Amino acid sequence: MNQQRLILSSPLLEIVVSRLVQQLIENYQNFADTVILGMQPRGIYFADRVARELNRALGYEVPLGYLDATFYRDDFKRRDTPLRPNTTHVPFIIENKRVILIDDVLATGRMVRAALDAMTAFGRPRKVELLVLIDRRYNRDLPIKPDYTGKRVNTLESQQVLVEWTEQGAEADRIWLVG
């Protein structure tokens with residue numbers, strides 16, 4: 001039997017996004033030489049939310065791009081079926097920039113490692129910080145830790161975090177723990 005437990009939904013989700021944006025403003029202040037990269041496939045929806053709220057609070061736009069790390073994954077050639085790449089849209093050079101890398105869920109850390117490798121095609125950043133909506137504790141394969149976290153969730157290896165965004169056709173924004 002597959003059990004589902006709701007971990008986050010509106011209006012708490014909006015409060016979490018607002019808190020994360022305030023933390024970014026506190027740490028970055030004027031956002032000079034700063035860019036946002038949303039990780040494909042689902043991190044882009046969260047990155048859009050963060051960027052929209054950030055731009056509203058600042059009164060100007062922080063550059064936003066989408067990064068696909070499919071071909072940089074360490075399990076890329078170990079699969080029975082080929083992975084389908086997503087679109088990379090990084091309309092700027094990240095050389096010597098501060099990068100805020102955004103994903104919806106951090107689990108093993110392998111996708112973040114792949115994203116760090118994929119970023120090198122756009123330059124060498126001065127600094128990279130990781131912002132995630134959900135940090136799945138106790139699932140890390142690599143020593144990667146987020147700098148900004150919406151919510152930490154204790155999970156078993158057999159459980160999954162399911163993120164539903166209205167932008168993807170869900171009736172409401174909800175984050176579930178499934179398993």
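This section describes helix 2 of a predicted model, its packing against helix 1, and several loop residues.

Helix 2 spans residues 43-58 and contains 16 residues. The distance from its first C-alpha to its last is 22 Å, close to the 22 Å expected at 1.5 Å a residue. Twelve of the 16 residues are buried, so helix 2 is largely enclosed by the rest of the structure. The buried set consists of Gly43, Ile44, Tyr45, Phe46, Ala47, Arg49, Val50, Ala51, Glu53, Leu54, Asn55 and Leu58. These buried residues pack against helix 1 (12-28) and against four strands, namely strand 2 (34-39), strand 3 (64-67), strand 4 (98-106) and strand 5 (127-137). After helix 2 comes Gly59, which has a positive phi near 85°.

The axes of helix 1 and helix 2 lie 9 Å apart, and the two helices pack at an angle of about 60°. Helix 1 and helix 2 are therefore oblique to each other, and their crossing is right-handed. On the helix 1 side, the contact involves Leu13, Val17, Ser18, Leu20, Val21, Leu24 and Ile25. The residues they meet in helix 2 are Phe46, Arg49, Val50, Glu53, Leu54, Ala57 and Leu58. By class, the residues of this contact comprise eleven nonpolar, one polar and two charged. Among the helix 2 residues in the contact, Phe46, Arg49, Val50, Glu53, Leu54 and Leu58 are also buried.

Cis peptide bonds occur in the loops that precede helix 1 and helix 2. Ser10 and Pro11 are joined by a cis peptide bond with omega of about 0°, and Pro11 is located in the loop between strand 1 (4-9) and helix 1. The bond from Gln40 to Pro41 is likewise cis, with omega near 0°; Pro41 belongs to the loop between strand 2 and helix 2.

Positive phi values are also found at residues that are not glycine. Gln29, in the loop between helix 1 and strand 2, has a phi of about 55°. Its relative accessibility is 58%, so Gln29 counts as exposed. Asn96, in the loop between strand 3 and strand 4, has a phi of about 60°. With 48% relative accessibility, Asn96 counts as partly exposed, because the exposed class requires over 50%.

Ala121 is placed in the loop between helix 3 (110-119) and strand 5. At 57% relative accessibility, Ala121 counts as exposed. Ala121 and Asn96 are separated by 25 residues in sequence, and their C-alpha atoms are 13 Å apart in space.

How values were computed:
Residues are numbered from 1 along each chain as its sequence is written. This is a predicted model: local features need pLDDT of at least 70, side-chain atom pairs count only at pLDDT 80 or more; totals for chains, interfaces and linings use all residues. Side-chain values use heavy atoms; hydrogens and water are left out. The expected span of a helix is 1.5 Å times one less than its number of residues. Buried means under 20% relative accessible area, exposed over 50%, partly exposed in between (1.4 Å probe, protein chains only). Contact means heavy atoms within 4.5 Å. Axes are lines fitted to C-alpha atoms, for helices over the stretch in contact, and angles run from 0 to 180 degrees between N-to-C directions. Angles under 35 degrees count as roughly parallel, over 145 as roughly antiparallel, 65 to 115 as roughly perpendicular and the rest as oblique. A crossing is left-handed if the near helix is turned anticlockwise from the far one by less than a right angle, and right-handed if clockwise. Ala, Val, Leu, Ile, Met, Phe, Trp, Tyr, Cys and Pro count as nonpolar, Asp, Glu, Lys and Arg as charged, and the others, Gly among them, as polar.
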